[in-house]
Amino acid sequence: MKNPVFTGSAAAVVTPFTSGGIDFGKLEALLNFQINGGSDAVVVCGTTGEASTLPDKEHISVIKFAADKVNKRIPVIAGAGSNDTRHAAELSKAAEASGADAILSVTPYYNKTTQKGLYEHFRLIAASVKIPVILYNIPVRTNLNMNPETVKALSEIDNIAGLKECNLLQVGDLVNLCGDDFTIYSGDDNIILPVLSLGGRGVISTMANIIPKDTHDMVEKFLSGDTAGARKLQLGTLNLIKALFTEVNPIPIKAAMNLLGMNVGSCRLPLVDISLNNLELLKKELDAYGLKQISL
């Protein structure tokens with residue numbers, strides 16, 4: 001029986017930048033904010049963490065720093081994906097050596113591959129480490145969908161423990177094929193409850209950067225049988241979620257965090273600052289949600 005890496009909400013933590021590089025003092029504060037806010041795990045160097053603009057040296061330094069500072073209080077999941085299988089395997093080994101509790105590995109992008117290629121890609125990555133691997137299927141970014149049958153075959157590999165799934169339409173098939181021994185997480189904040197209702201066990205969340213407790217509580221309420229309470233929280237977040245995804249992630253979440261006084265800096269190019277119109281919408285929805293200044 002495979003144990004889930006986590007059950008509940010994992011915050012996909014932003015990487016705070018300064019003009020000179022990574023703001024590690026701020027990163028430590030963000031990690032503590034998540035732990036104190038009730039997050040069940042943290043993901044570093046993921047999509048929201050702008051991993052695609054982190055050279056390997058920086059990438060590994062963030063993972064090691066997070067693992068050291070979190071110090072096993074909650075799981076640290078390290079983004080370690082690549083569209084180059086060898087590079088992904090090397091990153092995964094480095095993440096394990098740096099203290100990560102698990103890795104998050106995205107489907108290959110740009111060059112893409114076949115379903116057979118996906119199986120071989122993830123099989124080799126899993127073989128390179130002993131820690132659990134969470135697969136990541138996000139067709140909107142990679143232009144590649146991992147079919148449920150491929151996930152089923154990968155789920156039979158001992159240390160492939162779960163899947164972050166952004167394609168709601170295939171969650172039911174995934175649960176039917178893979179069973180209770182394999183953990184499905186929502187990859188989008190606006191479909192947390194639909195995924196849970198089909199057998200998912202949590203979310204890897206962008207909005208948890210600013211509302212960790214509500215995101216955790218939504219999952220906890222649902223899994224403990226309080227579906228009405230969970231539904232109220234999900235419905236109550238929808239307008240905020242829309243504002244957080246008016247532009248490509250993590251542009252709006254970083255803007256929101258800066259508006260709330262968390263001072264995480266800008267995104268790295270090619271991502272740019274949020275447009276003025278969407279910034280005003282974001283201000284409106286933060287205010288409507290009741291979010292004020294957040295002290296780290």
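Me: How do strand S8 and S9 pair, and over how many bridges?
Reply: Strand S8 (residues 160-165) runs parallel to S9, and four bridges join the two. Strands pair when DSSP finds at least two bridges between them. Helices (H or I, at least four residues) and strands (E, at least two) are DSSP runs, numbered from the N terminus.

Me: Any background on the model before I go on?
Reply: It is a predicted model, where local features need pLDDT of at least 70 and side-chain atom pairs count only at pLDDT 80 or more, while totals for chains, interfaces and linings use all residues. Residues are numbered from 1 along each chain as its sequence is written, and side-chain values use heavy atoms, with hydrogens and water left out.

Me: Thanks! Back to S9: which residue stands opposite Ile184?
Reply: That is Leu163. Within strand S9 (residues 183-186), Ile184 and Ser186 point one way, Thr183 and Tyr185 point the other, and all are buried. Buried means under 20% relative accessible area, exposed over 50% and partly exposed in between, using a 1.4 Å probe and protein chains only.

Me: What do the eight strands close into?
Reply: They form a barrel with parallel pairing, in the order S1-S4-S5-S6-S7-S8-S9-S10. From one strand to the next, the twist averages 25°. Elsewhere in that order, strand S6 (residues 102-106) pairs with strand S7 (residues 133-137) in the parallel sense over four bridges, and Leu104 has Ile134 in S7 as its bridge partner.

Me: Now helices. At what angle do the axes of H3 and H4 cross?
Reply: Roughly 25°, with the axes of helix H3 (residues 85-97) and helix H4 (residues 115-127) coming within 9 Å. So H3 is roughly parallel to H4. Angles under 35 degrees count as roughly parallel, over 145 as roughly antiparallel, 65 to 115 as roughly perpendicular and the rest as oblique. The axes are lines fitted to C-alpha atoms, for helices over the stretch in contact, and angles run from 0 to 180 degrees between N-to-C directions.

Me: Which residues in H3 meet H4?
Reply: Thr85, Ala88, Ala89 and Ser92 do, against His121, Leu124 and Ile125 of H4. Contact here means heavy atoms within 4.5 Å.

Me: Which strands does helix H2 lie across?
Reply: Helix H2 (residues 56-70) lies across strand S4 (41-44) and strand S5 (76-79), and runs at about 175° to S5.

Me: Switching topic: how many disulfides are there?
Reply: Zero. A disulfide would be a pair of cysteine sulfur atoms within 2.5 Å. The closest cysteine sulfur to that of Cys45 is in Cys267, 15 Å away, so it is too far for a bond. Cys45 is buried at 2% relative accessible area, and Cys267 is buried at 14%.

Me: Where are the cis peptide bonds to Pro250 and Pro270?
Reply: One runs from Asn249 to Pro250, with omega near 10°, and Pro250 sits in the loop between H10 and helix H11 (251-259). Another runs from Leu269 to Pro270, with omega near 15°, and Pro270 is in the loop between H11 and helix H12 (276-289).

Me: What about backbone phi at Lys72?
Reply: Lys72 has a positive phi of about 70° although it is not a glycine. Most residues other than glycine have a negative phi, and most peptide bonds are trans. Lys72 lies in the loop between H2 and S5 and counts as exposed, at 59% relative accessibility. Lys112 also has a positive phi, near 55°; its place is the loop between S6 and H4, and at 33% relative accessibility Lys112 is partly exposed.
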